[in-house]
Amino acid sequence: MSVLEAAILGFVQGLTEFLPVSSSGHLVLAEKLMGVKSSDVTFEVAIHFATLIAVGVYFFPILNRIFISPYRLITGADDRKTWRDFRLLLVIIVATIPAVIVGLLFGDYIETAFQSPLVVSIMLLVTSAALLITWLVKPGEKHVGFRNGILVGCAQALAIMPGISRSGSTIATALFAGVGRLEAFNFSFVLSVPAILGATALTAAKLDNTVVFTETS
């Protein structure tokens with residue numbers, strides 16, 4: 001893969017990551033159209049890590065509040081807001097477990113799916129159908145709790161498949177569960193942080209498959 005090809009794929013990733021259209025699916029199709037061959041998902045995880053930086057910057061106030069809540073409780077804070085943030089941190093941890101299980105048990109099958117434009121195309125249709133159905137859902141007012149958080153976590157686990165939009169499936173699932181639109185949006189992207197960190201760490205542990213860039217011909 002040349003540096004130019006990597007830059008183009010990174011541009012595709014940047015355009016599609018914050019839309020519920022599956023950036024991974026579009027990357028697979030873009031690679032196919034460009035004739036780029038990648039033997040694993042290392043490159044995709046790398047550019048998703050770049051997305052993580054963007055998510056971290058945009059959602060920093062929320063992430064900071066959530067992840068320092070244990071420290072605030074230890075140091076004596078006992079207000080309702082801090083306890084709510086701490087509870088949300090626990091929900092995020094529990095909701096991340098399904099993706100961890102799927103990634104560890106079915107990682108090889110998922111890597112194979114990344115090589116199939118047909119599988120990606122079918123999964124993109126599934127994503128489209130799920131998003132269309134959300135138009136029929138009445139706006140809810142529920143907050144994210146353990147029950148609907150686990151449901152959203154399961155949706156994130158399914159979205160490991162290329163073509164299934166992670167943000168689209170998690171937001172849609174939250175909406176189906178009656179969560180408010182803004183909270184569903186925020187929870188979806190905050191939930192992506194441990195998932196992307198985990199995928200990056202897992203890939204870094206397998207550096208035998210690192211993507212090698214070549215000079216542009």
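Which residues does Thr-134 touch, not counting residues up to four places away in sequence? They are Ala-172, Leu-175 and Phe-176. Thr-134 sits in the loop between H7 and H8. With a relative accessible area of 13%, Thr-134 falls under the 20% limit and therefore counts as buried. The model discussed here is a predicted one.

The overall architecture comes next. The protein contains 10 helices and 0 strands, so that the order of elements from the N terminus reads α-α-α-α-α-α-α-α-α-α. It has 217 residues, 44% of which count as buried. Among contacts with a separation of 6 or more, 75% are between residues 24 or more positions apart. The accessible surface amounts to about 12200 Å², and carbon and sulfur atoms hold 71% of that area.

Two of the residues touched by Thr-134, Ala-172 and Leu-175, are listed among the buried residues of helix H9. H9 covers residues 166-176 and is mostly covered, with 10 of its 11 residues buried. The buried set consists of Arg-166, Ser-167, Gly-168, Ser-169, Thr-170, Ile-171, Ala-172, Thr-173, Ala-174 and Leu-175. After H9 comes Gly-178, which has a positive phi near 90 degrees.

Helix H8, residues 146-158, precedes H9 in the numbering of the elements. Its 13 residues reach 18 Å from the first C-alpha to the last, close to the expected 18 Å at 1.5 Å a residue. The buried residues in H8 are Asn-148, Gly-149, Val-152, Gly-153, Ala-155, Gln-156 and Ala-157.

The interior can be followed through the largest nonpolar core. This core has 24 residues, and those that touch the most other members are Phe-59, Ile-66, Ile-92, Ala-184, Phe-187, Val-190 and Leu-191. Two or more residues each are given to the core by helix H3 (42-58), helix H4 (60-67), helix H6 (80-113), H9 and helix H10 (181-204). H10 provides the largest share, 7 residues. Ala-184, one of the residues touching the most other members, has contacts outside its neighbours within four places in sequence with Ile-171, Ala-174, Leu-175 and Val-179. Of these partners, Ile-171, Ala-174 and Leu-175 appear among the buried residues of H9.

Further along in H10 lies Ser-192. Is Ser-192 buried or exposed? Its relative accessibility is 3%, so Ser-192 counts as buried. Apart from neighbours within four places in sequence, Ser-192 is in contact with Val-55, Gln-156 and Arg-166. Gln-156 is one of the buried residues of H8, and Arg-166 is one of the buried residues of H9.

Helix H3 also contains residues with other degrees of exposure. Tyr-58 belongs to H3 and counts as exposed because its relative accessibility is 62%, over the 50% limit. Along the chain, Tyr-58 and Phe-189 are 131 residues apart, while their C-alpha atoms are separated by 10.0 Å. Ala-54, also in helix H3, has a relative accessibility of 34% and so counts as partly exposed. Between Ala-54 and Gly-14 the C-alpha to C-alpha distance is 9.7 Å, with 40 residues of sequence separation.

In helix H6, Asp-85 has a relative accessibility of 5% and therefore counts as buried. Not counting residues up to four places away in sequence, Asp-85 touches Arg-65, Ile-66 and Ser-69. Ile-66 has already been named among the core residues that touch the most other members. Asp-85 is also 9.5 Å from Leu-63, C-alpha to C-alpha, and the two are 22 residues apart in sequence.

One helix pair remains to be described. The axes of helix H2 (residues 23-34) and helix H7 (residues 117-133) come within 10 Å and cross at roughly 145 degrees. The crossing of H2 past H7 is left-handed. On the H2 side, the contact is made by Gly-25, His-26, Val-28, Leu-29 and Lys-32. The H7 side contributes Pro-117, Val-120, Ser-121 and Leu-124. The loop between H7 and H8 is the place of Thr-134, the residue with which this account began.

Technical notes. Residues are numbered from 1 along each chain as its sequence is written. This is a predicted model: local features need pLDDT of at least 70, side-chain atom pairs count only at pLDDT 80 or more; totals for chains, interfaces and linings use all residues. Side-chain values use heavy atoms; hydrogens and water are left out. Helices (H or I, at least four residues) and strands (E, at least two) are DSSP runs, numbered from the N terminus. Buried means under 20% relative accessible area, exposed over 50%, partly exposed in between (1.4 Å probe, protein chains only). Contact means heavy atoms within 4.5 Å. Accessible areas come from the Shrake-Rupley method with a 1.4 Å probe; for residues, only the protein chains shown count as cover. The expected span of a helix is 1.5 Å times one less than its number of residues. A nonpolar core is a set of buried Ala, Val, Leu, Ile, Met, Phe, Trp, Tyr and Cys residues joined through side-chain atoms within 4.5 Å. Axes are lines fitted to C-alpha atoms, for helices over the stretch in contact, and angles run from 0 to 180 degrees between N-to-C directions. A crossing is left-handed if the near helix is turned anticlockwise from the far one by less than a right angle, and right-handed if clockwise.
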